[in-house]
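Grab the structure below and work through three short exercises on it. Try each one before reading the solution.

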Amino acid sequence: MTYEAQLAETVRIRGHQGDQIDAYLARPLSAVLYAGVVIIHHMPGWDGANKEIARRFAHHGYVAIVPNLHFREGKATPEENSASIRAAGGMPDDRTMGDVQGAIDYLRSLPYLNGKVGVIGYCSGGRQSFLAAVSLPLDAAVDCYGAFVTGAPPEGMPLKVGPIKHLTKDLSCPLLGLFGSEDTRPSPDDVAKTEAALKEHGKNYEFHTYENAGHAFFAVDRPQYRQAAAVDGWKKVLAWFGKHLD
């Protein structure tokens with residue numbers, strides 16, 4: 001019988017401008033080297049669903065870390081932190097990238113890392129995963145239905161972020177994108193524009209769009225969950241990281 005065990009715990013890392021923030025770390029327990037995965041949580045925050053994703057990556061042989069990008073809000077619950085962030089127009093890109101860089105640095109300091117680190121993000125985290133892939137040192141990236149890579153938030157929406165498609169030329173690692181055909185943010189047209197930019201610059205990428213799926217189809221605790229898309233999506237994510245990180 002193969003021995004299986006993992007450790008999951010809260011750790012402290014240095015994020016943007018040296019700020020000390022919480023992060024959730026999950027890893028297998030055995031004497032081999034593993035690749036690392038930074039999980040960029042969705043706008044609802046540093047919640048149980050994203051920590052469960054970290055444990056799932058650990059089960060599949062990765063050291064996974066989820067930095068708490070809402071840590072500075074200081075509220076009692078992820079929901080309260082998320083409401084505060086939303087009211088402020090979202091997380092500033094520079095601060096988010098500073099925190100993600102801190103998570104990358106933390107992983108690369110671990111004695112059981114094989115030296116390679118990937119990033120994956122969902123919803124707003126999908127956009128931030130794309131942004132990390134064009135601005136930080138990474139070995140692979142996954143964008144799960146990240147909105148506003150192309151185009152800006154509609155008038156009246158409080159989110160203060162801009163499009164980042166123009167940074168596609170700086171993509172320095174393979175990118176996997178997973179989307180739903182019924183999503184509106186990003187819409188299939190938005191996805192097509194991002195894909196056109198990736199083709200224009202000759203980047204290594206794969207995009208997949210699932211029928212009968214909209215936004216947040218991976219979210220098992222939300223009505224938007226779509227089993228067929230999520231199951232196949234997980235297979236594609238693990239195959240992508242297996243190809244580029246292991």
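Before we start: a residue is called buried when its relative accessible area is under 20%. Also keep in mind that this is a predicted model.

**Exercise 1. Work out which residues of α1 are buried and where on the helix they sit.**

Start with the helix itself: α1 covers residues 48-59, and its 12 residues reach 16 Å from first C-alpha to last, close to the 16 Å expected. Next, apply the cut-off, which picks out Asn 50, Lys 51, Ile 53, Ala 54, Phe 57 and Ala 58. Now look down the axis of α1: these buried residues fall within an arc of 150°, so they line one face of the helix. That fits a general rule: an α-helix has 3.6 residues a turn, so residues three or four places apart point the same way. Finally, check what covers them: the list includes strands β1, β2, β3, β4 and β5, plus helix α6 (227-244).

**Exercise 2. Lay out the sheet and find its edges.**

Write down the strand order first: β1-β2-β4-β3-β5-β6-β7-β8, eight strands in an open sheet with mixed pairing. Then go to the ends: β1 and β8 each have a single partner strand, so one side of each is left without a neighbour in the sheet. From one strand to the next, the twist averages 20°.

**Exercise 3. Zoom in on β3 and β4, then see how α4 packs on the sheet.**

β3 and β4 run parallel, paired over four bridges. As a landmark, find Val 38, which stands opposite Ile 65 in β4. Now add helix α4 (residues 124-135): α4 touches β3, β5, β6 and β7, and its direction makes about 140° with that of β5.

Methods. Residues are numbered from 1 along each chain as its sequence is written. This is a predicted model: local features need pLDDT of at least 70, side-chain atom pairs count only at pLDDT 80 or more; totals for chains, interfaces and linings use all residues. Side-chain values use heavy atoms; hydrogens and water are left out. Helices (H or I, at least four residues) and strands (E, at least two) are DSSP runs, numbered from the N terminus. The expected span of a helix is 1.5 Å times one less than its number of residues. Buried means under 20% relative accessible area, exposed over 50%, partly exposed in between (1.4 Å probe, protein chains only). The arc is that of the directions from the helix axis to the C-beta atoms. Contact means heavy atoms within 4.5 Å. Two strands pair if DSSP finds at least two bridges between them. Axes are lines fitted to C-alpha atoms, for helices over the stretch in contact, and angles run from 0 to 180 degrees between N-to-C directions.
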